[in-house]
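Me: Please take a close look at a single part of this model, and then set out in one connected answer what can be said about that part and about the ligand site.

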Amino acid sequence: LGTMLVVFPFIVLLSLGASYAIAGSASEPVDRLINEVAAITDGRSLHRRLPSDLGSDELSRLGATLNDMIARLETSFGALRRFTADASHELKTPLTVLRADVERAMHPNAEGSEAMQALEEALQETARMSDLVDSLLTLARADEGRFDIHREPVELGAMVRDVYETAVILGEEAGIDVSMTVLEEGRIDGDARRLRQLFLNLVTNAIKYTSRGGKVELALSRRVGAEISFTVRDSGIGIAAGDLPYVFERFWRADRSRSRGGERTGFGLGLSISQWIAHAHGGRVTAQSRLGRGSVFTVILPLAPSDRAVQAASSTSDVDRVFTQS
Ligand SMILES: Nc1ncnc2c1ncn2[C@@H]1O[C@H](COP(=O)(O)OP(=O)(O)O)[C@@H](O)[C@H]1O
Ligand SMILES: [Mg+2]
């Protein structure tokens, strides 16, 4: 017992010293890690990374995880910066035109009819800007995940017939033959306004990127697996294979220079919005194209559960339709 009493304080002292040494050697790299992370995430240094060797195995793993996180932050900040730059650029062009139009209208030597025409053009430019701002708002809300999809039963057959009538009118103006090859019925739980916007986006693209004398075909057909597809096929300018992966990206256009000239094209947001609408309904949009030959855009949407029983009952004829349609 005597020796125990003598040895005990030594043991306590020794273990205290040991734990102090361990804690010290552990807290020093942790402090370093914290300082590094704070320095990197100050907003301007997201390109920097933590060192790969942080002393212990666990700390190094933590460092690697943090590096992954910083990389993802860097990517999304980059995308945000690009989006803001593109959006400002797109707004700048119509603003410049608008200003010039108004100045023309206000010129002391401008005649009444001249002034009127300048104002007319100013009005058109304002409409273009409203479109752009609408699209930007739609995408911003979609990003925040707070976009209201008002779900209700939507009969796609009736909607596509309606879209087709609009397409015929647009086609007549552009000298393009618009036809409907298949029109089946199908019910969706969805937002009628948004679905219409999605279909019209694809139809107006098909007409816009097809020259006079070409043709556009619409089809609405049920698919096996409780889905329905809306297809827009055109004989237009097509998209190069290398460009195809980018068509759904924001502000992407095959030929940006075209929008500078007399014929002003869109902003390159239509397909991004279309893809978002499809995703919000549990569906998707796909694109196939051959440069100089034409394009096929297909929207695939899940049918409303209340419409799926009918699908199963007539599944053999559906298979026939799928084959004859493709
Ligand atoms: N049917 C099509 N045929 C050929 N190119 C197309 C077609 N649809 C879309 N594109 C290409 O994809 C780009 C992006 O389309 P979109 O997002 O609708 O933007 P926008 O029509 O406003 O330019 C277009 O600028 C065009 O280059
Ligand atoms: Mg478009």
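Reply: What follows looks at one helix and then turns to the ligand. The model is a predicted one, and the values below are computed from it.

The helix in question is α2, which covers residues 57-106. Ser56 caps the N-terminal end of α2, with a side-chain oxygen placed 3.5 Å from the backbone nitrogen of Glu58. As for the length of α2, its 50 residues should span 74 Å at 1.5 Å a residue, and because the end C-alpha atoms are 73 Å apart, the expected and the computed values agree.

Within α2 lies Leu73, a residue that counts as partly exposed because its relative accessible area is 32%, where the class of partly exposed runs from 20% to 50%. Together with Phe77 and Leu80, Leu73 forms a nonpolar patch on the surface, and the three have about 270 Å² of accessible area together. An α-helix has 3.6 residues a turn, so residues three or four places apart point the same way.

Turning to the ligand site, there are 20 residues around ligand 1, of which Asn205, Tyr209, Asp234, Ala254 and Leu271 come nearest. The side chain of Asn205 has an N or O atom 2.8 Å from an oxygen atom of ligand 1, while for the side chain of Tyr209 the corresponding distance to an oxygen atom of ligand 1 is 3.0 Å. Asp234 places a polar side-chain atom 2.9 Å from a nitrogen atom of ligand 1. Taken alone, ligand 1 exposes 530 Å², and the protein buries 96% of that area.

Terms used:
Residues are numbered from 1 along each chain as its sequence is written. Chains are lettered from A and ligands numbered from 1 in the order in which they are written. This is a predicted model: local features need pLDDT of at least 70, side-chain atom pairs count only at pLDDT 80 or more; totals for chains, interfaces and linings use all residues. Side-chain values use heavy atoms; hydrogens and water are left out. Patches are made of residues with over 30% relative accessible area and no salt bridge: like charges are joined within 9 Å, nonpolar side chains (Val, Leu, Ile, Met, Phe, Trp, Tyr) within 5 Å. Accessible areas come from the Shrake-Rupley method with a 1.4 Å probe; for residues, only the protein chains shown count as cover. A salt bridge is a side-chain nitrogen of Lys or Arg within 4 Å of a carboxyl oxygen of Asp or Glu. Helices (H or I, at least four residues) and strands (E, at least two) are DSSP runs, numbered from the N terminus. Buried means under 20% relative accessible area, exposed over 50%, partly exposed in between (1.4 Å probe, protein chains only). A residue is near a molecule or strand if one of its heavy atoms lies within 4 Å of it. A polar contact is a pair of N or O atoms within 3.5 Å; within protein, one must be able to donate a hydrogen and the other to accept it, and residues adjacent in sequence count only if both atoms are side-chain atoms. The expected span of a helix is 1.5 Å times one less than its number of residues.
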